[in-house]
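Reader: I would like a close look at a single part of this model, namely the place where its two halves meet, together with the charged pairs found there and elsewhere. Please take it step by step and keep the values attached to the statements they support.

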Amino acid sequence: MAKKRLVLTFPPEVVERPVVALMVRDFDIITNILRAEIHEGEIGRMLVELEGNARKLKEGVAYLKDLGVQVEEAITDIELDEALCIECGACTAVCQPGALKIEPPDWGLTLDKDRCILCGFCVDACPLDIISVKF
Ligand code: SF4
Ligand code: SF4
């Protein structure tokens with residue numbers, strides 16, 4: 001069995017089609033959706049863990065790409081330059097697991113790596129580009 005952790009980006013014309021469900025059915029791939037942001041008529045993103053026969057996994061990923069889904073390897077770690085942070089809260093707003101928080105008493109930004117699912121959404125959200133990723 002092979003395993004992959006991927007970020008899938010769906011263009012608006014694909015976002016409402018059940019492409020992941022069809023991939024699961026047709027290629028017998030166990031799919032764990034760790035995070036999803038899907039809105040009608042907009043670009044959608046999904047962080048998934050796929051597990052299955054190596055050949056079928058490859059074919060399943062190729063199937064998604066053929067349908068116009070952008071497929072990227074998920075990150076393995078994130079780094080935050082806390083000294084440059086202005087505590088704007090943009091990253092906390094997109095961090096669904098609550099790994100990034102701005103809380104009393106000092107209202108400084110904290111990152112709890114044990115909660116982080118490495119979706120990478122905070123990286124795009126930060127206006128100062130002070131969150132970086134490792135692949
Ligand atoms: S990558 Fe960023 S947004 Fe995603 S869970 Fe980790 S801290 Fe939160
Ligand atoms: S988005 Fe960037 S500047 Fe704003 S709180 Fe998060 S890390 Fe700090």
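Author: The domain bounds used here come from an automatic or database domain assignment, and the model to which they are applied is a predicted one. On that basis the protein is divided into domain 1, residues 2–73, and domain 2, residues 77–134. The centres of domain 1 and domain 2, taken over C-alpha atoms, are separated by 26 Å, and the contact between them takes seven residues from domain 1 and eight residues from domain 2.

The size of an interface is often given as the accessible area lost when the parts come together. Between domain 1 and domain 2 the buried area is about 730 Å², and carbon and sulfur atoms give 53% of it.

As for specific pairs, the rule finds one salt bridge across the interface of domain 1 and domain 2, and it finds four residue pairs in polar contact there, with both residues at pLDDT 80 or more. On the side of domain 1 that touches domain 2, at least two residues each are supplied by strand E1 (2–10), strand E2 (30–37) and strand E3 (44–52). The largest share of that side, three residues, comes from E2. Sorted by character, the residues of the side of domain 1 that touches domain 2 are three nonpolar, no polar and four charged.

Side chains of opposite charge can pair when their charged atoms come close. Aspartate 124 and arginine 45 form a salt bridge in which the closest N and O atoms are 3.1 Å apart. This pair links distant parts of the chain, since aspartate 124 belongs to helix H4 (residues 121–125) and arginine 45 to strand E3, 79 residues apart. Aspartate 124 has a relative accessible area of 58% and is therefore exposed, the cut-off being over 50%, whereas arginine 45, at 22% relative accessibility, counts as partly exposed.

Strand E3 also takes part in another charged pair, in which the side chains of glutamate 49 and arginine 5 meet in a salt bridge at 3.3 Å, N to O. Because glutamate 49 lies in strand E3 and arginine 5 in strand E1, the pair ties together parts that are 44 residues apart in sequence. Glutamate 49 is partly exposed at 23% relative accessibility, and arginine 5 is likewise partly exposed, with a relative accessible area of 23%.

By this rule the count of salt bridges comes to ten. One of them joins the side chains of aspartate 112 and arginine 115 at 3.9 Å, N to O; aspartate 112 is partly exposed, with a relative accessible area of 32%, and arginine 115 counts as partly exposed at 41%. In addition, Asp77, Glu79, Lys113 and Lys134 are linked in a network of salt bridges.

A buried residue of domain 2 completes the picture. Leucine 80 lies in strand E5, residues 77–80, and its relative accessible area is 15%, so leucine 80 is buried, the cut-off being under 20%. Leaving aside its neighbours within four places in sequence, leucine 80 is in contact with Leu100, Leu109, Leu111, Ile130 and Ile131. Leucine 80 and alanine 54, by comparison, are 26 residues apart in sequence and 34 Å apart in space, C-alpha to C-alpha.

Technical notes. Residues are numbered from 1 along each chain as its sequence is written. Chains are lettered from A and ligands numbered from 1 in the order in which they are written. This is a predicted model: local features need pLDDT of at least 70, side-chain atom pairs count only at pLDDT 80 or more; totals for chains, interfaces and linings use all residues. Side-chain values use heavy atoms; hydrogens and water are left out. Contact means heavy atoms within 4.5 Å. Buried area is the accessible area (1.4 Å probe) that two parts lose on being put together, summed over both. A salt bridge is a side-chain nitrogen of Lys or Arg within 4 Å of a carboxyl oxygen of Asp or Glu. A polar contact is a pair of N or O atoms within 3.5 Å; within protein, one must be able to donate a hydrogen and the other to accept it, and residues adjacent in sequence count only if both atoms are side-chain atoms. Helices (H or I, at least four residues) and strands (E, at least two) are DSSP runs, numbered from the N terminus. Ala, Val, Leu, Ile, Met, Phe, Trp, Tyr, Cys and Pro count as nonpolar, Asp, Glu, Lys and Arg as charged, and the others, Gly among them, as polar. Buried means under 20% relative accessible area, exposed over 50%, partly exposed in between (1.4 Å probe, protein chains only).
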